[in-house]
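Open the model in your viewer and keep the sequence panel visible. The stops below go from one helix to a pair of helices.

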Amino acid sequence: MAKIERVTLDLLNQFPIKTIAMTDIAQAAGVSKVTIFNYYDSKQMLIKKVIFDHFQMIYDQYDRIVSSDLSFEAAYRAITQFQLAAMQQNTACLNQNIMTLYATDPTFYDQAARDQSQQLMLALIGKGRTDGFINPRYSDDTILSLFQIYSEGMKIFGETPDKLLAMTDDLTAIFLNGLR
């Protein structure tokens with residue numbers, strides 16, 4: 001399974017999802033398509049697993065940042081900069097594949113991923129409240145809704161993730177200033 005997933009990530013770094021066939025994955029991994037289907041129900045399931053494993057490393061780093069002694073603002077900026085650096089380490093093709101899935105597949109970001117993200121955001125919001133950075137009249141639900149709106153808005157960059165990367169600092173400043 002590890003080899004199949006590693007090969008799939010390699011292919012996602014090189015080719016658009018729609019051009020990657022299970023035959024390509026099987027051939028590159030040195031296994032049969034039947035073997036792949038023994039572990040994964042579909043190409044989509046395999047790709048989602050590979051991307052979520054990739055994201056898990058990012059979430060783990062986010063958790064370390066939020067749990068650190070950094071102030072809320074420093075933690076938020078550190079998360080944003082880490083995310084930017086992680087995207088820059090990816091190939092343009094992988095970023096495009098991730099954004100395409102995010103923008104077009106409503107099941108891409110499943111409930112478990114949403115729950116994990118929400119817990120992380122609540123911890124970050126708690127840090128912001130403790131630091132006195134977040135205006136106390138804003139409820140957790142309001143701020144989580146703002147994060148959701150921001151997240152949904154990123155889908156417009158499905159075809160042009162580089163534009164989103166170029167705006168990261170400005171969007172961060174606007175977001176942080178709006179919480180005060």
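Helices here are DSSP runs of H or I with at least four residues, numbered from the N terminus, and the expected span of a helix is 1.5 Å times one less than its number of residues. This is a predicted model, in which local features need pLDDT of at least 70, side-chain atom pairs count only at pLDDT 80 or more, and totals for chains, interfaces and linings use all residues. Residues are numbered from 1 along each chain as its sequence is written, and side-chain values use heavy atoms, without hydrogens and water.

Select residues 111-130, helix α7. Its 20 residues reach 28 Å from first C-alpha to last, close to the 28 Å expected at 1.5 Å a residue.

Next, colour A113, S117, L120, M121, L124, I125, K127 and G128, which are buried in α7 (under 20% relative accessible area, 1.4 Å probe, protein chains only). Viewed down the axis of α7, the buried residues fall within an arc of 155 degrees (taken from the directions from the helix axis to the C-beta atoms), so they line one face of the helix. Add α4 (43-67), α5 (72-89) and α8 (140-153): the buried residues of α7 pack against these helices.

Turn to the other side of α7, where A112, Q119 and T130 are exposed (over 50%). Then pick G132, which follows α7 and has a positive phi, near 75 degrees.

Now select α1 (residues 2-14) and α2 (residues 22-29), whose axes come within 9 Å and cross at roughly 120 degrees. Show K3, I4, V7, T8 and L11 of α1 with D24, I25, A28 and A29 of α2; these make the contact (heavy atoms within 4.5 Å).

How values were computed:
Helix = DSSP H or I, 4+ residues; strand = E, 2+ residues; numbered from the N terminus. Axes fitted to C-alpha atoms, helices over the stretch in contact; angles between N-to-C directions.
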